[in-house]
Each structure stands twice: as structure tokens, then as C-alpha cells.
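Here is a chain to read alongside its coordinates. Keep the helices and the loops in view.

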Amino acid sequence: MLSIKEQLLLLYSAPFYLIIISIEILLTNVRLKTKNYTLKDTATNILLTLLNAGIDFGFKLVSMMVLGLVFMKSPFEDWKIGFSYWLALLIAEDFAYYWLHRFDHEVRFFWAVHVTHHSSQHFNFTTGFRSSVFEPLYRFVYFIPLAWFGFKPLDIVFMYSATQIWGTLVHTEMIGKLGWLEKIFVTPSHHRVHHASNPKYLDKNMGMFLIIWDKFFGTFQEELPEEEYAPIHYGLTKNLEKPNIIKLLFHEWHQIWKDATASDLTCNQRFNYIFGPPGYSHDGSRKTSDEMRAEEQVFLGEINGAIDATLLEPKMVSTKM
Ligand SMILES: [Zn+2]
Ligand SMILES: [Zn+2]
């Protein structure tokens, strides 16, 4: 169930992706002489996007029905479709996505879905395809207010797909900072921070198209020069050993099950293992992002400004998972 607009988007974006991925492979391998692509990582990224697309497609009937029912009850149904309609939809959809992404990071139940997107230790255009496979099962819930405000369900889904192209293109190390664009839009520099496992960078820059939401709601972090902070380490605070597709998709669910069903826990503790922040533990054996950040700040304070970049590597902290 794809609208004509969405089909055209897919038709034109696919060859474009192929071209820019080829250029990136060429540039990183030949010119920069770095190995930013591996066959296994790239194949995993593509497989995860195919699984995501399959679930998205299969579940579309349900999500469109829900959005359609809300749209029919909208008091704003007669909104004239024009420039202001599309601009308002762009801003509203991006705002809804910011909160979807933020809850994906801050609530373990949703982090268990989103963690796949962050599980690569490489960062290139194909990392953008490393989808949160099960996200289509609940993403539409964040778009319900948009349907109520009178945006057509097919237009909402089209806008999500359109901003997702931008969201994919920011997965690259080839592009540095982009001047004034950094103030308004999500850029590759912002998204490199988002994929970093360094404590200072955890759970930052959640926007897809506009960075203003992060600046407004306190989740913004600029990419810092290496003289000022450690180089970026991509991936999770504790990366999976011998990852395979099943582990990538279900390891966090498995861990949640083990944690929440352990003996001698209060109801509150069990609840926190499922819906608390990732890294929560009742006995302090693991650390949340905020705790890691606080630990790092103390550590940096202790060394009194004499920053040795190697001391800031993520291995110094406990796992977020
Ligand atoms: Zn994320
Ligand atoms: Zn990403």
C-alpha cells in the first residue's frame, strides 16, 4: 500500500543511494585508505532494512486504518493542501519523530528495538539502512496527533519517507561541519555524535531533519575536536560478541527477560528493568547514560583538565546494556 508519491520517492532514491554508496566506498578505501566498509557489516545493514521494509509493508493496513479513523474525526479536515500544509506537515512530522526517537533511547522496552540501528562499529551511508526492524509496529502511534490535526495519513507516511532520505544521508564521515546549516538541520556531524558510544555523546542529537528540537529540549551535543575530547567510537558501550542476525534483533529482549524475572526483586525494580532507562540496575552493577556521563565528568575533573584522549575511551565505563 504505497501512494504514488511514495513509489516515485523509492524509484528515484534507490539509484541515488547506489551512486553515493559507491562514491563513499571509493573515497574511503582509495583516497583515505581506511576500511570503513566490510562485507559482513554492509550485508547485515541491507538485510535489516529488508526485514524492516517487510514488517512495515505487512503492518501498513493496520497503521493506515488507525490513522484514517483519527483523520476522519479531525475537526481540521478541510485544510487546503498547499505550501503551508506541506511545511506544517514537515515540521509536525519531524517533531513527532524526535519524540519517537527519544523514547527509543530513554525507555529500555523501545531501546530493545532501536538498539539494532546502533549496533554497527562502522559509520557509513549503509549504516542508515540498519533499521530498527520492529519500529513500524508502533511508529504510527506518534503520528496519530498529526492525523487528528487534519494531515492525510498517506501524506504523513510520505513525509516520513522523505525526511528519512535526509536521515540516511547523514550517516557519513566524508562530510565535515556545514556552517550555518548546523544551526537548523541535522548534519553528518550531529549524527556522528548520535552514533558514538563515548559517554558525553550518548543519547544526543535525536532529530531526523531539524536539529532545533534537540537544542530546545536539551539533548543537543556538538561534535568536539579531538584535542578537546576523545575521538568517536561508534557502536554500543558494550558491543556484541560474534553478532548474528538473531542476536542483533533479540539480544536486548533476552536480557530484559532475564533481568525482569530474576528472584528477590520488588515490583518497582522489575518495572524499571523493562521501562526504565537502558543501563538501569537495582544493585548498581550497570550504568545508565547519565551515570556514565557523570562518572566521566568526575574522572575528567580528577585529572584536572590534563586530558589524555586514550583515557576517555568507552572501555573505562560499564555497559549501558
Ligand atoms: Zn538512535
Ligand atoms: Zn543513525
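The report below covers record annotations, nonpolar cores, helix packing and one loop.

## Model and record annotations

This is a predicted model. An unreviewed UniProt entry carries the annotation "domain: Fatty acid hydroxylase" for residues 86–219. In the model, that span is 54% helix and 0% strand. Its end C-alpha atoms lie 27 Å apart.

The unreviewed UniProt entry also carries the annotation "transmembrane region" for residues 9–27, 47–71, 83–100 and 140–160. Two of these segments can be set against the model. Residues 83–100 are 100% helix and 0% strand. The end C-alpha atoms of this segment are 26 Å apart. Residues 140–160 are 81% helix and 0% strand. Here the end C-alpha atoms are 10 Å apart.

## Nonpolar cores

How many residues make up the largest nonpolar core? The count is 25. Leu67, Phe143, Leu146, Ala147, Ile156 and Val186 have the most contacts inside this core. Four helices give two or more residues each to the core: H2 (39–72), H3 (83–106), H5 (139–148) and H6 (153–169). Another core lies apart from this one. That core has 7 residues, including Val193, Ala196, Leu202 and Tyr234.

Ala147 shows the local wiring of the largest core. Leaving aside neighbours within four places in sequence, Ala147 is in contact with Leu67, Val70, Phe71, Ser74, Pro153 and Ile156. Of these partners, Leu67 and Ile156 are also among the residues with the most contacts inside the core.

## H3 against H6

Two of the core helices also meet as a pair. The axes of H3 and H6 come within 10 Å. They cross at roughly 75°. H3 and H6 are therefore roughly perpendicular to each other.

Which residues form the contact? From H3 come Leu89, Leu90, Glu93 and Asp94. From H6 come Asp155, Ile156, Met159, Tyr160 and Thr163. By class, the contact has 5 nonpolar, 1 polar and 3 charged residues. Ile156 thus has two roles to follow: in the H3–H6 contact and in the largest core.

## H10 against H11

Helix H10 covers residues 245–260, and helix H11 covers residues 267–275. Their axes are 9 Å apart, at an angle of about 175°. That angle is over 145 degrees, so H10 counts as roughly antiparallel to H11.

H10 brings Ile256, Asp259 and Ala260 to the contact. H11 brings Arg270, Tyr273 and Ile274. By class, there are 4 nonpolar and 2 charged residues, with no polar ones.

## The loop between H8 and H9

Helix H8 (188–194) and helix H9 (212–217) bracket a loop that holds Asn198. Pro199 lies in this loop, and so do Tyr201, Asp203 and Asn205. Are these positions buried or exposed? The cut-off for buried is 20 or more other C-beta atoms within 10 Å. Asn198 has 23 and is therefore buried. Pro199 has 25 and is buried. Tyr201, with 24, counts as buried. Asp203 has 21 such neighbours and counts as buried. Asn205 has 26 and counts as buried too.

Two of these residues have positive phi values without being glycine. Phi of Asp203 is near 60°. Phi of Asn205 is near 55°.

## Distances and contacts from the loop

Asn198 and His233 are 35 residues apart along the chain, and their C-alpha atoms are separated by 6.4 Å. Pro199 and Trp166 are 33 residues apart along the chain, with 26 Å between their C-alpha atoms. Tyr201 and Gly150 are 51 residues apart in sequence. Their C-alpha atoms are 37 Å apart in space.

Which residues does Tyr201 touch, not counting those up to four places away in sequence? They are Val193, Ala196 and Gln221. Val193 and Ala196 belong to the core of 7 residues. The loop residue Tyr201 therefore touches two members of that core, with contact taken as C-beta atoms within 7 Å.

Definitions and conventions:
Residues numbered from 1 in each chain as written. Chains lettered and ligands numbered in written order. Predicted model: local features only at pLDDT ≥ 70, side-chain atom pairs only at ≥ 80, totals over all residues. Core = buried A, V, L, I, M, F, W, Y, C linked by C-beta atoms within 7 Å. Buried ≥ 20, exposed ≤ 12 C-beta atoms within 10 Å, placed from the backbone. UniProt positions renumbered as here; feature names shortened; annotations may be inferred. Axes fitted to C-alpha atoms, helices over the stretch in contact; angles between N-to-C directions. Parallel < 35°, antiparallel > 145°, perpendicular 65-115°, else oblique. Nonpolar A, V, L, I, M, F, W, Y, C, P; charged D, E, K, R; others polar.
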